[in-house]
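Student: Please take me closely through one part of this structure, and then place that part in the context of the whole chain. I should like the answer as one connected account.

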Amino acid sequence: MIVIGYQGIGKSTLTKLDNRFIDLESSNFKINGKRPDGWEQMYCETAMDLSHQGHIVFTASHKCIRDYLKLHQGDEVVVIVAPSLGLKDQWLAKLRARFKETGLEKDRLALLNAEACFDENIKEMQDYASVFPFYEITDMDYKLRYLFDNFLKDEAVLGTFGFKRIKV
C-alpha cells in the first residue's frame, strides 16, 4: 500500500514505532539541493517496489507524485491522508512546534509551504478523491496507526478515531 500523506500527518513518527511502515523522504531525491527532472518517476517506482515487498509506504503529496501514481499504479493500493481544511490553524501550530523542536530544514520548508498554501494544497489533494480513497483527518487527537489498524472497517468506526473517508 502507498499512502500519499500531507506534511505533519505523522509519517516519520509511525515509521519509528512499526517497521511495517516506510517514510519515503522526498528530500532524499535532491541532487545539490534540487530535484532533477523526472525525479517523481524514480521516487514513485521506489515506493511501488517497497509496497510490493509488503510495506506500507508513506510518500510526499506533491502533485507530480499524485499524477505519476494515477497513471502507473497498476494494481497497487494508493490512498491519500490529509487534514481537513477546518484544522488549518491547529495544523500550522503543529508544524511550527515541530520545526521549533527539530530545527530541520525539511521541517522549515514544510512549514513555509503550509503557511503559504495550506488551503490550496488540501483542495488539490481532495480533487484526487475520485482517483484514490481519501481519508480526511477530522480531529487533532487522531492516531495515524488507528487508521491502518481499522482500515477496512466502516465509516462510523473510522470516525471514532478522527478520520472521515471523503467520497466523490
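**Ser-61 and its surroundings**

Tutor: In this predicted model, Ser-61 touches Ile-4, Gly-5, Tyr-6, Arg-66 and Met-125, leaving aside residues up to four places away in sequence. Ser-61 belongs to the loop between β3 (56-59) and α3. Its relative accessibility is 14%, and because buried means under 20%, Ser-61 counts as buried. A further spatial relation links Ser-61 with Ala-82: the two are 21 residues apart in sequence, and their C-alpha atoms are 9.1 Å apart.

One partner of Ser-61, Tyr-6, leads from the loop to a wider set of contacts. Not counting residues up to four places away in sequence, Tyr-6 touches Lys-11, Ser-61, Val-81, Ala-82, Pro-83, Trp-91, Asn-113, Ala-114, Phe-118, Asn-121, Ile-122 and Met-125. Ala-82 and Met-125 are thus among the contacts of Tyr-6; Met-125 is also touched by Ser-61, and Ala-82 is the residue whose C-alpha lies 9.1 Å from that of Ser-61.

Tyr-6 also has a place in the nonpolar interior. The largest nonpolar core has 47 residues, and Tyr-6, Leu-69 and Phe-148 touch the most other members. Helix α2 (residues 39-52) gives the most to this core, with six residues. In soluble globular proteins, nonpolar side chains tend to be buried together.

The largest pocket involves Tyr-6 as well. The volume of this pocket is about 1100 Å³. Its lining holds 44 residues, of which Tyr-6, Gln-7, Gly-8, Lys-11 and Arg-98 are the closest to the centre. By residue class, the lining divides into 15 nonpolar, 13 polar and 16 charged residues. At least two lining residues come from each of α1 (11-17), α3 (63-72), α4 (88-102), α5 (105-126) and α6 (144-149). The greatest contribution is that of α5, with eight residues.

Within α5, Ala-110 offers a view of the contacts made by this helix. Gln-7, Leu-95 and Arg-98 are touched by Ala-110, again not counting residues up to four places away in sequence. Two of these partners, Gln-7 and Arg-98, are among the lining residues closest to the pocket centre. With a relative accessibility of 9%, Ala-110 counts as buried. Ala-110 and Leu-92 are separated by 18 residues in sequence and by 9.9 Å from C-alpha to C-alpha.

Phe-118, a contact of Tyr-6, leads to another loop. Phe-118 is touched by Ser-84, which is placed between β4 (78-83) and α4. Ser-84 touches Glu-136 and Ile-137 as well, with residues up to four places away in sequence left out. Ser-84 is counted as buried, at 12% relative accessibility.

Strand β5 (residues 134-137) includes Phe-134. This phenylalanine is buried, and its relative accessible area is 0%. Phe-134 and Val-78 are 56 residues apart in sequence, with 9.4 Å between their C-alpha atoms. Pro-133 is found in the loop between α5 and β5. Its relative accessibility is 24%, so Pro-133 counts as partly exposed. From C-alpha to C-alpha, Pro-133 lies 6.3 Å from Ile-80, although the two are 53 residues apart in sequence.

A contrasting loop position is that of Asn-32, between β2 (21-23) and α2. Asn-32 counts as exposed, at 78% relative accessibility, whereas Ser-61 is buried. The backbone of Asn-32 has a positive phi of about 55 degrees, although the residue is not a glycine.

Finally, the chain as a whole. The protein has seven helices and six strands, arranged along the sequence as β-α-β-α-β-α-β-α-α-β-α-α-β. Of its 168 residues, 43% are buried. Among contacts between residues at least 6 apart in sequence, 73% join residues at least 24 apart; the contact of Ser-61 with Tyr-6 is one example of a link between distant parts of the chain. The protein exposes about 8900 Å², of which carbon and sulfur atoms supply 50%.

Key. Residues numbered from 1 in each chain as written. Predicted model: local features only at pLDDT ≥ 70, side-chain atom pairs only at ≥ 80, totals over all residues. Heavy atoms only, no water. Helix = DSSP H or I, 4+ residues; strand = E, 2+ residues; numbered from the N terminus. Buried < 20%, exposed > 50% of the residue type's maximum accessible area, 1.4 Å probe, protein only. Contact = heavy atoms within 4.5 Å. Areas by Shrake-Rupley, 256 points an atom, 1.4 Å probe, with all protein chains shown as cover. 1 Å grid on protein atoms, 1.4 Å probe; cavity = no way out; pocket = protein on both sides within 12 Å on 5 of 7 lines; lining within 4 Å. Points joined across faces, edges and corners; volume = space filled by probe spheres on them. Nonpolar A, V, L, I, M, F, W, Y, C, P; charged D, E, K, R; others polar. Core = buried A, V, L, I, M, F, W, Y, C linked by side-chain atoms within 4.5 Å.
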